[in-house]
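Please open the model in your viewer and keep a selection box at hand. The tour moves from one selection to the next and says what is there at each stop.

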Amino acid sequence: MPSRYKRRTILSMVGSSIALTVAGCVGSPDSDDSNESSNQTVGSPNSDESNGSSNQTQESITTNDLTFDVSVEEHFTETHPARIQVALTNTLETPVSLSSGITPPFTSYLSGSQSDENRLVLVPDVSEDESPLDWIGEPDPIPTSTENGCWNVAQDVEIEDIGLVIELDQGETSSQQYDVYGYQNDSCPSSGAYQFEDTMKIYNGQPSNDTPEYEVALGFTVTLDEDQSLSVEKEDPTVKTTKD
């Protein structure tokens, strides 16, 4: 059975000069004068002289430089759906920029499956205008009460693939809460494990043509018990170089 949702590319914003910011501060690209006057600016210096003095700011990003956490905030009850929180923290000694979807740090909303049968969907806790989820058939299909004891979303969804760049200072965290619903289920989601995976780009400082690019893979598993209580098990983030 083919999947009934579509990922639709609406806009991709990949430069700090046009990036929206929801955490930290992403400024406009440095001018040539500022690059020459400050070797402390995070980024990839253009001159050979500055390369030697700023190696510390250009150290490679590794798995050890990011802390990934997933926690259960609410279980399914008669009055509200389950809710989880996802957080990513920069533990590097310098700022980093994340290039992801519009609800960082996690922007993959449907659990992995070969079909739409028995899936979960994550609905980020953002306003309707900011949500990347476009529901087909109804303007607001998110239920306000259970149906037959279940929290399910019956409508098909399109996911707007909107790009966002945010900057995280040393020790700063990007976090987001997501409500958990069954997706296209006729009954309550079956007990078992539901896997979620996502990837994003990460840079030392602000992204530029001279900045090394890395890819971060994030993942976690939501496990539902027979009583519809849930637990989450995170995976350690993996980081690989995509551009030197």
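Begin by selecting E213 and K201, whose side chains meet in a salt bridge at 3.9 Å, N to O, a salt bridge being a side-chain nitrogen of Lys or Arg within 4 Å of a carboxyl oxygen of Asp or Glu. The pair links distant parts of the chain, with E213 in strand β12 (residues 213–224) and K201 in strand β11 (residues 192–204), twelve residues apart. Strands here are DSSP runs of E with at least two residues, and helices are runs of H or I with at least four, numbered from the N terminus.

What you have open is a predicted model, in which local features need pLDDT of at least 70 and side-chain atom pairs count only at pLDDT 80 or more, while totals for chains, interfaces and linings use all residues. Residues are numbered from 1 along each chain as its sequence is written, and side-chain values use heavy atoms, with hydrogens and water left out.

Stay with K201 and add E215: these two also form a salt bridge, the closest N and O atoms being 3.5 Å apart. This pair again links distant parts of the chain, K201 in strand β11 and E215 in strand β12, 14 residues apart. If you now add K240, you have a network in which salt bridges that share partners join K201, E213, E215 and K240. Within it, E213 is buried at a relative accessible area of 17%, whereas K201, at 25%, counts as partly exposed; buried means under 20% relative accessible area, exposed over 50%, and partly exposed in between, with a 1.4 Å probe and protein chains only.

Next select D125 and R83, which form a salt bridge with the closest N and O atoms 3.6 Å apart. D125 lies in the loop between β5 and β6 and R83 in strand β3 (residues 82–90), so the pair ties together parts that are 42 residues apart in sequence. D125 is partly exposed, at 43% relative accessibility. A search of the whole structure finds six salt bridges.

From R83, move to V72 in strand β2 (residues 66–74). V72 and R83 are eleven residues apart in sequence, and their C-alpha atoms are 6.2 Å apart in space. Which residues does V72 touch, not counting those up to four places away in sequence? They are R83, I84, L230, S231 and V232, where a contact means heavy atoms within 4.5 Å. V72 counts as partly exposed, with 28% relative accessibility.

Three backbone stops follow. Select P104 and P105, which are joined by a cis peptide bond with omega of about 10 degrees; P105 lies in the loop between β4 (96–100) and β5. Then go to N148, in the loop between β6 and β7 (152–153), which has a positive phi of about 55 degrees although it is not a glycine. Finally select Q228, in the loop between β12 and β13 (230–234), where phi is also positive, at about 70 degrees, although Q228 is not a glycine. Are these two residues buried or exposed? N148 is exposed, with a relative accessible area of 72%, while Q228 is buried, at 16%.

To finish, zoom out to the whole protein, which has two helices and 14 strands. Of its 244 residues, 44% count as buried. Among contacts between residues at least 6 apart in sequence, 72% join residues at least 24 apart.
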